[in-house]
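Hi,

Here is the structure I promised to pass on. Have a look at it first, and then read my notes below.

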Amino acid sequence: MPTAVDPCDKCEEMLQPFLDRELSNAERDEAQSHLDECGYCRKRYRFEDALRRFVRQAAVEEMPPDLKQKLADLRTPLF
Amino acid sequence: MGETTPEAEPRRLAEEARDRVRFEEEALDLADQVYRVARRLVSTREEAEDLMQETYARAFRAWRSFQPGTNLRAWLLRILTNLNIDRGRKQQRSPDLQPLEEGDYYLYNKLEEAGREPNVDQDRVDERLSQDDVVSALSAVPHDFRDVIVLVDIGDFSYADAAQILEIPIGTVMSRLHRGRRILKRELAEHAVGAA
């Protein structure tokens with residue numbers, strides 16, 4: 001007996017691969033058409049997108065300047 | 001047997017030296033990007049620095065095994081993640097095996113419940129979470145899941161690249177990423193609204 005799938009549940013499942021750009025075109029279109037008509041999911045997708053950007057930015061720590069020289073010193077001497 | 005003409009040998013050596021220098025320069029140019037990933041795979045800056053130096057030492061020794069034209073950043077990170085595991089990081093037996101009820105909308109829903117519904121037009125995640133919250137939440141995610149999040153979300157690798165770097169099937173990348181992000185959001189929710 002077929003069970004009805006809640007479109008918002010389906011949309012929630014596609015959230016991660018959607019934002020990772022890993023959905024097929026058909027899946028992406030399906031998610032997009034649901035998002036076009038569903039404010040509940042749209043708000044959550046936008047929030048997730050903003051959260052991802054924030055996490056990426058917050059987690060970045062630049063390389064200490066002297067480390068690059070230490071790595072360069074590991075090269076094989078030419079002569 | 002294997003003899004070369006007197007002229008050919010110096011030329012071969014010169015070509016090899018040129019290829020090696022080119023490889024070393026390209027690898028060094030990627031060091032900043034490799035470090036950003038390394039830093040979040042381990043707990044401290046010192047560990048990240050040690051890991052980088054071990055990785056580059058090994059890469060410079062093994063440069064001939066890199067296939068020109070393939071992804072050098074992924075190749076370096078494959079060495080780095082292998083070394084990180086070899087360095088004594090215990091292969092955790094997925095410590096968070098109990099069912100994780102929270103879905104992908106968990107953090108948003110928690111914020112909404114707490115009466116702080118995110119404003120979709122000018123969403124300001126940074127008003128609710130600090131940089132320290134993110135770093136601390138990320139470090140609370142078990143290693144196996146965190147590795148995948150760091151490679152995909154911070155390193156900007158595709159699922160396929162992450163699978164190759166970690167030497168695991170792509171389906172495992174997807175499931176760890178899925179679960180790892182849910183754990184991350186549960187941790188972030190604790191910071192944002194004190195939700196358990």
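What follows is a short account of chain B, its helix packing and the nonpolar cores.

This is a predicted model, in which local features need pLDDT of at least 70 and side-chain atom pairs count only at pLDDT 80 or more, while totals for chains, interfaces and linings use all residues. Residues are numbered from 1 along each chain as its sequence is written, chains are lettered from A and ligands numbered from 1 in the order written, and side-chain values use heavy atoms, without hydrogens and water.

Chain B has 10 helices and 0 strands (DSSP runs, H or I of at least four residues for helices and E of at least two for strands, numbered from the N terminus). Of its 196 residues, 47% are buried (under 20% relative accessible area, 1.4 Å probe, protein chains only).

The largest nonpolar core (buried Ala, Val, Leu, Ile, Met, Phe, Trp, Tyr and Cys residues joined through side-chain atoms within 4.5 Å) has 69 residues. Helix 4 of chain B gives the most to this core, with 8 residues. Met52(B) is one of those with the most contacts inside the core. Beyond four places in sequence, its contacts (heavy atoms within 4.5 Å) include Met63(A), Leu67(A) and Leu80(B).

Helix 4 of chain B (residues 72–86) also meets helix 9 of chain B (residues 159–166): their axes, lines fitted to C-alpha atoms over the stretch in contact, come within 8 Å and cross at roughly 40 degrees. Among the residues that meet there are Leu77(B) and Ile165(B).

Best wishes

Methods:
Axes fitted to C-alpha atoms, helices over the stretch in contact; angles between N-to-C directions. Buried < 20%, exposed > 50% of the residue type's maximum accessible area, 1.4 Å probe, protein only.
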